[in-house]
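Work through the exercises below with the model open. Try each task before reading its solution.

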Amino acid sequence: MLIINIRGPVKPAVPRWPACSLRAAGKFRDGASTARRFSEPRMENTAYPGVRLVLTDPMPADAVETAHKRVRLATEDLDDNRVATVLLEMAEAWGVAALWEQVCRPLLAQLPGRTPAEIATEHALCEGVRVGLDVYRRQPGRSFPTGGVLLAGAEQEAHCLGLHALAAALREHRRGCLHLGPALPWPALTSAVHRANPHTVVLWSQTPVTGRAYRLVRFARDFPRLRVYGAGPGWIEPLAAPAAHLGTLPAAVAACLEKPRAR
């Protein structure tokens, strides 16, 4: 039985993972001690056969409020480096799942992104989130094994902050992944699967324009031994078997850590 420590509640009935703003830029728990983190109440939930999620309490309201204020101030100053620094501190204190669900996702959703000033602010936040998540738990000269997990943005999809959050959450469990970035054409995805031989593929779609469910299902049927998931709000049509949809970050982590199918 694999036990996974994840902070924050799992609420499968209400997808809460998607969080990236779609607007125009084209890119879009402060001060908690280690002792407190490990003494938090826990509950368990079975997400997949053989995979048990051990959940801790989410960030308390005062920590969330402080985090929002610090990130907003850095964003208003268009200081994406300061945004990344603040997010790194919070990730170390509370974990990626809580950071994503309670800080990044709400702040990204609040950005209007209409005027040039708003677009610049949005870009600073998105870039700070991306950088903060990308450097979290990375060690110079050392990388975690990919573990047979491949992440990519759907064809023509330029927004994939959710995949950066997933990659960071996997590193919390000392697991890596092959992250191919946004806008990966379907032929390139097929070629990557042949070359890398993963056991799990997570494809991110932010908008229904790129979330073509029939194409993802066809891809999954072309690779019957591969676990194929769609993530993000772009998959508005139901995904038929063998493909499936991941609605939360904890569910995505559990799916990626699940034991590979026999080949």
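**Exercise 1. Locate R174, describe its backbone and classify its exposure.**

Step 1. In this predicted model, R174 sits in the loop that links α6 (161–172) to β5 (178–179).
Step 2. Read the backbone: phi of R174 is near 60 degrees, a positive value in a residue other than glycine. Most residues other than glycine have a negative phi.
Step 3. Partly exposed lies between the 20% and 50% limits. R174 has 47% relative accessibility, so R174 counts as partly exposed.

**Exercise 2. Do the analysis again for N197.**

Step 1. N197 belongs to the loop between α7 (186–196) and β6 (200–204).
Step 2. Phi of N197 is near 55 degrees, again positive in a residue other than glycine.
Step 3. Relative accessibility of N197 is 49%, so N197 counts as partly exposed.

**Exercise 3. State the geometry of the peptide bond from A241 to P242, and place P242 in the fold.**

Step 1. Omega is near 10 degrees, and the bond from A241 to P242 is cis. Most peptide bonds are trans.
Step 2. P242 is in the loop between β7 (227–231) and β8 (244–246).

**Exercise 4. Describe how α4 and α5 pack, and sort the contact residues by type.**

Step 1. Two packed helices are described by the angle between their axes and the distance between the axes.
Step 2. For α4 (residues 96–109) and α5 (residues 116–135), the angle is about 170 degrees and the axes are 11 Å apart.
Step 3. Angles over 145 degrees count as roughly antiparallel. The helices α4 and α5 are therefore roughly antiparallel to each other.
Step 4. Helix α4 contributes V96, L99, W100, C104, L107 and L108 to the contact, and α5 contributes L125, C126, V129 and L133.
Step 5. Sorted by type, the contact residues of α4 with α5 are ten nonpolar, no polar and no charged.

**Exercise 5. Trace the surroundings of Q102 and V103, then find the nonpolar cores.**

Step 1. Q102 is in helix α4. Its relative accessibility is 18%, so Q102 counts as buried.
Step 2. Leave out residues up to four places away in sequence: Q102 touches P58, M59, V64 and H68.
Step 3. Beyond its neighbours within four places in sequence, V103 contacts M59, A67, H68, V71, L87, M90 and A98.
Step 4. The largest nonpolar core has 50 residues; V71, L87, W100, V103, L166 and V202 touch the most other members.
Step 5. A second, separate core holds 21 residues, including A154, A192, F223 and W235.

Conventions:
Residues are numbered from 1 along each chain as its sequence is written. This is a predicted model: local features need pLDDT of at least 70, side-chain atom pairs count only at pLDDT 80 or more; totals for chains, interfaces and linings use all residues. Side-chain values use heavy atoms; hydrogens and water are left out. Axes are lines fitted to C-alpha atoms, for helices over the stretch in contact, and angles run from 0 to 180 degrees between N-to-C directions. Helices (H or I, at least four residues) and strands (E, at least two) are DSSP runs, numbered from the N terminus. Angles under 35 degrees count as roughly parallel, over 145 as roughly antiparallel, 65 to 115 as roughly perpendicular and the rest as oblique. Contact means heavy atoms within 4.5 Å. Ala, Val, Leu, Ile, Met, Phe, Trp, Tyr, Cys and Pro count as nonpolar, Asp, Glu, Lys and Arg as charged, and the others, Gly among them, as polar. A nonpolar core is a set of buried Ala, Val, Leu, Ile, Met, Phe, Trp, Tyr and Cys residues joined through side-chain atoms within 4.5 Å. Buried means under 20% relative accessible area, exposed over 50%, partly exposed in between (1.4 Å probe, protein chains only).
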